[in-house]
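The following exercises guide a reader through a protein structure. Each one sets a task and then works through its solution step by step.

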Amino acid sequence: DLYVSSLFTKSRAYVESRHGRWRILSAKHGRVNPDKVIAPYELTLNKMGIADRRKWAADVLDELAKVDPQPKQIVMLAGTNCNFALA
């Protein structure tokens, strides 16, 4: 219920229309399962410096690798300041 932006609701609808599994990319918590209850917070990637965004992205990628080291496909629907380098 915390995430209500137009981008988020459209991204969620897109994934659900294709019966995909989805997670939330949180500036504060990293990768969050949709059923996890978290407290409201005021943090956005848009206000983070590049070094902090890169660390955030590396942490999220590390977490994803732990969950599934060799996924068939990952689609990330995120804003422009959420840049990942996948190798």
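A polar contact is a pair of N or O atoms within 3.5 Å; within protein, one of the two must be able to donate a hydrogen and the other to accept it. The model examined here is a predicted one.

**Exercise 1. The surroundings of Ser26**

Task: Determine where Ser26 lies, whether Ser26 is buried or exposed, and what its side chain reaches.

Solution.
Step 1. Ser26 belongs to strand β1, which covers residues 24-26.
Step 2. Buried means under 20% relative accessible area. Ser26 has 0% relative accessibility and therefore counts as buried.
Step 3. The side chain of Ser26 comes to 2.9 Å from the backbone nitrogen of His29. That distance is within the 3.5 Å limit for a polar contact.
Step 4. With residues up to four places away in sequence left out, Ser26 touches Tyr3, Val32, Tyr41 and Trp56.

**Exercise 2. The overall fold**

Task: State which elements the protein contains, in which order they follow, and how the radius of gyration agrees with that of a compact globule.

Solution.
Step 1. Two helices and two strands make up the secondary structure.
Step 2. Along the sequence these elements follow the pattern α-β-β-α.
Step 3. A compact globule of 87 residues would have a radius of gyration near 12 Å; the value for the protein is 13 Å, so the two agree.
Step 4. The C-alpha trace spans about 35 × 30 × 25 Å along its principal axes.
Step 5. Of the 87 residues, 24% are buried.
Step 6. Consider contacts between residues at least 6 apart in sequence: 50% of them join residues at least 24 apart.

**Exercise 3. The largest pocket**

Task: Describe the volume of the largest pocket and the residues that line it.

Solution.
Step 1. The volume of the largest pocket is about 1500 Å³.
Step 2. Its lining consists of 44 residues, and those nearest the centre are Arg23, Ile24, Leu25, Met76 and Leu77.
Step 3. Three elements each supply at least two lining residues: α1 (6-17), β1 and α2 (50-67).
Step 4. The largest share comes from α1, with six residues.
Step 5. Sorted by class, the lining holds 26 nonpolar, ten polar and eight charged residues.

**Exercise 4. The second largest pocket**

Task: Describe the second largest pocket in the same manner, giving its space, its lining and the classes of its residues.

Solution.
Step 1. This pocket holds about 250 Å³ of space.
Step 2. Among the residues that line the second largest pocket are Asp1, Tyr3, Arg12, Trp22, Ile24, Lys36 and Ile38.
Step 3. Helix α1 gives the most to this lining, with three residues.
Step 4. The classes in the lining of the second largest pocket come to eight nonpolar, one polar and three charged residues.
Step 5. Two residues of this lining have appeared in earlier exercises. Ile24 is among the residues nearest the centre of the largest pocket, and Tyr3 is touched by Ser26.

**Exercise 5. A helix residue and three loop residues**

Task: Locate Leu7, His19, Arg21 and Asn46, and classify each as buried, partly exposed or exposed.

Solution.
Step 1. Leu7 is part of helix α1. Partly exposed residues fall between the 20% and 50% limits. The relative accessible area of Leu7 is 45%, so Leu7 is partly exposed.
Step 2. Leaving out residues up to four places away in sequence, Leu7 touches Ala78 and Gly79. Leu7 and Ala27 stand 20 residues apart in sequence, with 15 Å between their C-alpha atoms.
Step 3. His19 sits in the loop between α1 and β1. Because its relative accessibility is 76%, His19 counts as exposed. Although His19 is not a glycine, its phi is positive, at about 55°.
Step 4. Arg21 also has its place in the loop between α1 and β1. With a relative accessible area of 73%, Arg21 is exposed. Its C-alpha atom is separated by 23 Å from that of Leu45, which is 24 residues apart along the chain.
Step 5. Asn46 occupies the loop between β2 (30-32) and α2. At 55% relative accessibility, Asn46 counts as exposed. Asn46 and Tyr14 are 32 residues apart along the chain, and their C-alpha atoms are separated by 23 Å.

Key. Residues numbered from 1 in each chain as written. Predicted model: local features only at pLDDT ≥ 70, side-chain atom pairs only at ≥ 80, totals over all residues. Heavy atoms only, no water. Helix = DSSP H or I, 4+ residues; strand = E, 2+ residues; numbered from the N terminus. Buried < 20%, exposed > 50% of the residue type's maximum accessible area, 1.4 Å probe, protein only. Contact = heavy atoms within 4.5 Å. 1 Å grid on protein atoms, 1.4 Å probe; cavity = no way out; pocket = protein on both sides within 12 Å on 5 of 7 lines; lining within 4 Å. Points joined across faces, edges and corners; volume = space filled by probe spheres on them. Nonpolar A, V, L, I, M, F, W, Y, C, P; charged D, E, K, R; others polar. Rg over C-alpha atoms; globule rule 2.2 N^0.38 Å.
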